[in-house]
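Q: I would like a close look at one part of this model, with its surroundings described carefully enough to be checked against the coordinates.

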Amino acid sequence: MTPPTGTTHLDTTNPVAVALVPAAGRGERLGFGVPKALVPVRGTALLTHAVRGLLTAGCVRHVVVAAPPNEVESTADLLRSAGLAADVVPGGTDRTESVRLALRHATKVIPDISVVLVHDAARAFTPAEVIRSVVAAVAAGAPAVIPVLPMADTVKQVDFTGTVLATPDRAALRVVQTPQGFDVDTLTRAYAEAGDSATDDAGLVEKIGVPVATVPGHAYAMKITTPFDLAIAESVLSTGARP
Ligand code: C5P
């Protein structure tokens, strides 16, 4: 694939990929009394699992974590004590601002960066093959790439009363996972033009008219959001089945 005009020329054999992990939220919905990124699975924080997964995938040169501003030191200590080399920067007031600050740091400390991944700490068990295929697709010329899975359930569009308005064709729908991958110029431009807070980085890229490609995701890249998800993660790890 030919890189689109105006984007950085990527070294397809050895791209410099940096992963940003926004983990500055205080969300305590899992009920552990700590932010979700610090919730333990088999005694280790989700964030630690996530950063380890990125650094051991074999294609990520550097990881930048955005932490709550008053927990930068403790987060850095947590990762250091796990033997993980990652930069921890203060996050912003919302996820968009945290990614923007992490991206600014990454481009400053690693000027030859070509591929940027944005990854949820809550998708702590994303297999290396998914991370590698996202990086490879960006390095091959796609400006934006997201891992996706087909929909297992039928989806309904409803109005505010809950009455069904439409049944979208399930075959054309996908569930989105992370890491989402971008060439650095595309993500920088999307964030420069982003107004509102966004939960989906690829959505910002769509807004500036850049096509977003997809690669196959994986069930283990599930987002750990509820105690049920946590139980599944514990169970997968205990069987040693993590790919
Ligand atoms: O709170 P919410 O579920 O929307 O957060 C989504 C992700 O964004 C979480 O990983 C959270 O840590 C991160 N976040 C952030 N900075 C904020 C708020 C949320 O990095 N100020």
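Which residues of helix 1 are buried?

A: In this predicted model, the buried residues of helix 1 are L46, L47, T48, H49, A50, V51, G53 and L54. Because eight of the ten residues of this helix, which spans residues 46–55, are buried, helix 1 is largely enclosed by the rest of the structure.

Two of these buried residues lead outward to other features. L46 is one of the residues in contact with K36, along with G27, L30, A122, K223, I224 and T225, when neighbours of K36 within four places in sequence are left aside. L47, for its part, helps to line the largest cavity, together with A23, P35, A37, L38, A67, P68, E71 and T75.

That cavity is worth describing next. Rolling a probe the size of a water molecule over the atoms shows where empty space is left. Across the whole structure, a search finds two cavities of 30 Å³ or more, and the largest cavity has a volume of about 50 Å³. By class, the lining of the largest cavity consists of seven nonpolar residues, one polar residue and one charged residue.

K36 itself sits in the loop between strand 1 (17–22) and strand 2 (40–41). K36 is buried and yet has no salt bridge, the nearest side chain of opposite charge being that of D120, at 7.2 Å; since a salt bridge requires a side-chain nitrogen of Lys or Arg within 4 Å of a carboxyl oxygen of Asp or Glu, the separation from D120 is given here for reference.

K36 and D120 also appear together in the description of the largest pocket, which holds about 700 Å³ of space. The pocket is lined by 28 residues, and those closest to its centre are P22, K36, R95, D120 and K223. Its lining divides into eight nonpolar, eleven polar and nine charged residues.

P22, named among the residues closest to the centre of that pocket, connects this region to S98. Although S98 and P22 are 76 residues apart in sequence, their C-alpha atoms are 5.9 Å apart in space. S98 belongs to helix 3 (residues 95–109), and with a relative accessibility of 3% it counts as buried. Not counting residues up to four places away in sequence, S98 touches P22, A24, A66, G91 and G92.

K223, which is in contact with K36, also lines the second largest pocket, alongside R123, L149, P150, M151, A152, D153, V175, V176, Q177, A219 and M222. The elements that give two or more residues to this lining are strand 7 (144–150) and strand 10 (174–176). The second largest pocket contains about 180 Å³ of space, and its lining has eight nonpolar, one polar and three charged residues.

Two details of the backbone complete the picture. A cis peptide bond, with omega about 10°, joins T178 and P179, and P179 lies in the loop between strand 10 and strand 11 (180–183). R42, in the loop between strand 2 and strand 3 (44–45), has a phi near 50°, a positive value in a residue other than glycine. At 51% relative accessibility R42 counts as exposed, whereas K36 is buried.

Methods. Residues are numbered from 1 along each chain as its sequence is written. This is a predicted model: local features need pLDDT of at least 70, side-chain atom pairs count only at pLDDT 80 or more; totals for chains, interfaces and linings use all residues. Side-chain values use heavy atoms; hydrogens and water are left out. Helices (H or I, at least four residues) and strands (E, at least two) are DSSP runs, numbered from the N terminus. Buried means under 20% relative accessible area, exposed over 50%, partly exposed in between (1.4 Å probe, protein chains only). Lys and Arg count as positive and Asp and Glu as negative; His and the chain ends are not counted. Contact means heavy atoms within 4.5 Å. On a 1 Å grid over the protein atoms alone, a cavity is a set of points where a 1.4 Å probe fits but cannot get out, and a pocket is an open set with protein on both sides within 12 Å along at least five of seven lines; lining residues have an atom within 4 Å of a point. Grid points are joined across faces, edges and corners, and a volume is the space filled by probe spheres set on the points. Ala, Val, Leu, Ile, Met, Phe, Trp, Tyr, Cys and Pro count as nonpolar, Asp, Glu, Lys and Arg as charged, and the others, Gly among them, as polar.
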